[in-house]
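User: Please take me through this structure by questions and answers. I would like the terms settled before the details.

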Amino acid sequence: MMPLLRTLDLEAGYQGKPILKGVSMELFPGEVVVLIGPNGSGKSTLLKALSGYLPSRGAVELLGKPLGNYTPVERARILAVLPQENDLPPTFTVEEAVEMGRYPHLSPFSGPGPSDRQAVEEALSLMNLQGFRRRLLATLSGGEKQRTFLARALAQEPRLLLLDEPLSRLDVNYALELLTLLRNLAQRGMGILAVEHHLAYARLLATRAVALRDGKILAEGAPEEIFRPDLLADLYRVGEGHRRHLARLLEG
Ligand code: ADP
Ligand code: MG
């Protein structure tokens, strides 16, 4: 099977300051790869490099073809991104924001068609936003905004979803619903790469986990191999006094 995504010795940074130092990974259809690691370890930077927002060295391939050989529209038909910070004007309505997800599919000669309408409606309904369609982004709570940006990514009907902390602003019910939705999407063949800080959610979400520290992959493997108190205590440099709390966080 061809990976959706492959990187080889990926390096990226800001103003000449290296952050990612040789990241090699693959992601296959059906996988939910959860990226964990300390604050500042380069998780968001990796997602930005993979979405083509950041110049990088080394190889990034999307469906076997170098990322740089795609036009932005071609890329957006395959890959959707939920950034950590939202990126639309606060004067957009929820519906307009979700409609933005359709732009890579629109023909330059016609407006949105029935399939675009349907994708938007489906995404609104999956994120339980039908009642919010006329609301301005400026008036939404953090969780409502997060669901709006997720709906935009889903309306895009991507094969690969890059999510930066998708559960972070959601209450436990929405978080568990989204977690199930993402697992179901993967089961139907989507590939998902998600940064998640909340370790209990991360473990439930992941089919595989990658631990990043100081811009390098420290460990990767099945959730049961990665979500272990000893490994996580090392990864996050948790002090002796807090290690038993970490173990309790992971119980159950
Ligand atoms: P995280 O793993 O928490 O998502 P990031 O990838 O956001 O970490 O950041 C990795 C490092 O890069 C941090 O030290 C951060 O300060 C730095 N960094 C992130 N964005 C920028 C930027 N736009 N300009 C300069 N440095 C940045
Ligand atoms: Mg981040």
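Analyst: Helices (H or I, at least four residues) and strands (E, at least two) are DSSP runs numbered from the N terminus, and two strands pair if DSSP finds at least two bridges between them. This is a predicted model, in which local features need pLDDT of at least 70 and side-chain atom pairs count only at pLDDT 80 or more, while totals for chains, interfaces and linings use all residues. Residues are numbered from 1 along each chain as its sequence is written, chains are lettered from A and ligands numbered from 1 in the order in which they are written, and side-chain values use heavy atoms, leaving out hydrogens and water.

User: In the hairpin of β1 and β2, which residue takes a positive phi?

Analyst: β1 (residues 5-14) and β2 (residues 17-27) pair in the antiparallel sense over eight bridges. Within that pairing, Leu5 stands opposite Leu27 and Thr7 opposite Met25. The hairpin has two residues between its strands, and the positive phi, near 40°, belongs to Gln15.

User: What is the strand order of the open sheet formed by four strands?

Analyst: The pairing in this sheet is antiparallel. Its edge strands, β2 and β5 (65-66), each pair on one side only. From one edge to the other, the order is β2-β1-β4-β5.

User: At about what angle to β1 does α1 run?

Analyst: Axes are lines fitted to C-alpha atoms, for helices over the stretch in contact (heavy atoms within 4.5 Å). Angles run from 0 to 180 degrees between N-to-C directions. Helix α1 lies across β1, β2 and β4 (56-62), and its angle to β1 is about 115°.

User: Is Thr45 buried or exposed?

Analyst: Thr45 lies in helix α1. Leaving aside residues up to four places away in sequence, Thr45 touches Tyr14, Ile19, Leu20 and Leu54. Buried means under 20% relative accessible area, exposed over 50% and partly exposed in between (1.4 Å probe, protein chains only). Thr45 has a relative accessibility of 7%, so it counts as buried.

User: Which protein donors does the magnesium ion (ligand 2) have?

Analyst: Donors are N, O and S atoms within 2.8 Å of the metal (3.2 Å for Na, K and Ca); water is not among the atoms, so sites may look incomplete. The protein donors here lie 2.1 to 2.6 Å from the ion and are Ser44 (OG) and Gln84 (OE1).

User: How many residues apart are Ser44 and Gln84?

Analyst: Ser44 belongs to helix α1 (residues 43-50), whereas Gln84 sits in the loop between β6 and α3 (94-99). Ser44 is buried, at 19% relative accessible area, while Gln84 is partly exposed at 30%. The pair links distant parts of the chain, with a separation in residues of 40.

User: Which residue places a polar side-chain atom 2.9 Å from an oxygen atom of ligand 1?

Analyst: Residues near ligand 1, with a heavy atom within 4 Å of it, include Tyr14, Gln15, Lys43 and Thr45. Polar contacts are pairs of N or O atoms within 3.5 Å; within protein, one must be able to donate a hydrogen and the other to accept it, and residues adjacent in sequence count only if both atoms are side-chain atoms. Backbone atoms of Gly40 and Ser41 lie 2.8 Å and 3.2 Å from ligand oxygens, respectively. The side-chain contact at 2.9 Å comes from Ser44.

User: Which strands stand at the edges of the sheet with the order β6-β7-β8-β3-β9-β10, and why is one side of each left without a neighbour?

Analyst: This open sheet of six strands has mixed pairing. Each edge strand has a single partner, so one of its sides has no neighbour in the sheet; these strands are β6 (79-82) and β10 (216-221).

User: How many of the five residues of β7 are buried?

Analyst: β7 (residues 160-164) runs parallel to β8 (residues 191-195), joined by five bridges, and Leu162 stands opposite Leu193. β7 also pairs in the parallel sense with β6 over four bridges, where Leu163 faces Leu82. Leu160, Leu162 and Asp164 are buried on one side, and Leu161 and Leu163 on the other. The number of buried residues in β7 is five.

User: At about what angle to β6 does helix α5 run?

Analyst: Helix α5 comprises residues 142-155 and lies across β6 and β7. Its angle to β6 is about 175°.
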